[in-house]
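Me: Please take a close look at one small sheet in this model and at the spaces and packing around it. I would like a connected account that I can follow residue by residue.

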Amino acid sequence: MPTISIIAALTQDRAIGRQGDLIHHISADLRRFKALTMGHPIIMGRKTFESLPKGALPGRRNMVISRRGNACNAPGAEVFTSLEEAITALAPDDEAFIIGGGQIYASAIGMADRLLLTEIDEAPPADADTFFPEYGADKWRTDDLGEWTTDPGNGLRYRFICLSRI
């Protein structure tokens, strides 16, 4: 059975995006994302794929969920009509990373084995329009809780958290 890990950066109140983009860009978070996902399948919704500035992420099996199926234009990616279909296409020893967006996170939260979160110590902006689903802290064990760190580029406080399903 493949391992399903969700990776996301969220502000207070679980805001993750606005107008098709991340709310904040934290360089250490982006480096962590690359290091953790490199060599692994990444599963995302069509809008998340379309928001990638250079298209499919290199060094990873890009898997896009779209109700349009093969009518979805996703160069360098495999397209699936449902999250379940994509997960069925994984190898038993794969660790797949769910990378967004909000609807895909909501669909995947119940089947995830791990949550790899970056908590951003900031209230969400008023125009935030995409949110991470409630995940019920009582269903998760904290494996690693990082120290609060400040991003030198934008002054935001953040920390990394790794949770495993109980």
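Reply: Two strands are taken to pair if DSSP finds at least two bridges between them, and that criterion is the one to keep in mind for the sheet discussed here. The model is a predicted one, and what follows should be read as a description of that prediction.

The sheet is an open one of 3 strands in the order S3-S2-S9, and its pairing is antiparallel. S3 and S9, the latter covering residues 130–131, are the edge strands, each pairing on one side only. Between S2 and S3, which run antiparallel, there are 2 bridges, and arginine 18 stands opposite aspartate 21 in S3. In general, the strands of a sheet pair through backbone hydrogen bonds, whether parallel or antiparallel.

The cavity is a useful next stop, since strand S2 contributes to its lining. A search of the whole structure finds 1 cavity of 30 Å³ or more, and the space in the largest cavity comes to about 40 Å³. Its lining is made up of Ala9, Leu10, Thr11, Ala15, Ile16, Leu22, Ile23, His24 and Ile120, with S1 and S2 as the elements that each give two or more residues to it. By class, this lining has 7 nonpolar and 2 polar residues, with no charged ones.

Strands S2 (15–18) and S3 (21–22) also reach the largest pocket, each supplying at least two residues of its lining. The other elements that do so are S1 (3–10), H1 (27–37), H2 (46–51), H3 (83–88), S7 (95–100) and H4 (102–108), and H4 gives the most, with 5 residues. The volume of this pocket is about 1,400 Å³, and 45 residues line it, of which Thr48, Ser51, Ile99, Gly100 and Gly101 lie nearest its centre. In contrast to the cavity lining, which has no charged residues, the lining of the largest pocket includes 11 charged residues beside 17 nonpolar and 17 polar ones.

Leu10, one of the residues lining the cavity, also belongs to the lining of the second largest pocket, together with Arg14, Glu119, Tyr135, Ala137, Trp140, Thr142, Leu145, Ile161 and Leu163. This second pocket holds about 150 Å³ of space. S10 (140–145) and S12 (157–165) each supply at least two of its lining residues, with S10 giving the most, namely 3 residues. The lining divides into 7 nonpolar, 1 polar and 2 charged residues.

Tyr135 leads from this pocket into the packing of the interior. The largest nonpolar core has 27 residues, and those that touch the most other members are Ile6, Ile43, Ile98, Leu115, Leu117, Phe132 and Tyr135. Two or more residues of this core come from each of S1, S5 (61–65), H3, S7, H4, S8 (114–120) and S12, and S1 gives the most, with 4 residues. When neighbours within four places in sequence are left aside, tyrosine 135 is in contact with Ile109, Leu115, Leu117, Trp140 and Leu163. Another core lies apart from the largest one, with 15 residues that include Phe33, Phe49, Leu57 and Ala74. In soluble globular proteins, nonpolar side chains tend to be buried together.

Ile43, one of the residues with the most contacts in the largest core, sits in strand S4 (residues 41–45), which is largely enclosed by the rest of the structure because 5 of its 5 residues are buried. Side chains in a regular strand alternate between the two faces of the sheet. Both faces of S4 are covered, with Pro41, Ile43 and Gly45 buried on one side and Ile42 and Met44 buried on the other. S4 pairs with S5 in the parallel sense over 5 bridges, and proline 41 has arginine 61 as its bridge partner in S5.

The residue before arginine 61 deserves a look of its own. Arginine 60 lies in the loop between H2 and S5, and with a relative accessible area of 12% it counts as buried, because the cut-off is under 20%. Beyond its neighbours within four places in sequence, arginine 60 is in contact with Phe33, Lys34, Thr37, Met38, Gly39, His40 and Ile42. Of these, Phe33 is a member of the 15-residue core, while Ile42 is one of the buried residues of S4.

Technical notes
Residues numbered from 1 in each chain as written. Predicted model: local features only at pLDDT ≥ 70, side-chain atom pairs only at ≥ 80, totals over all residues. Heavy atoms only, no water. 1 Å grid on protein atoms, 1.4 Å probe; cavity = no way out; pocket = protein on both sides within 12 Å on 5 of 7 lines; lining within 4 Å. Points joined across faces, edges and corners; volume = space filled by probe spheres on them. Nonpolar A, V, L, I, M, F, W, Y, C, P; charged D, E, K, R; others polar. Core = buried A, V, L, I, M, F, W, Y, C linked by side-chain atoms within 4.5 Å. Buried < 20%, exposed > 50% of the residue type's maximum accessible area, 1.4 Å probe, protein only. Contact = heavy atoms within 4.5 Å.
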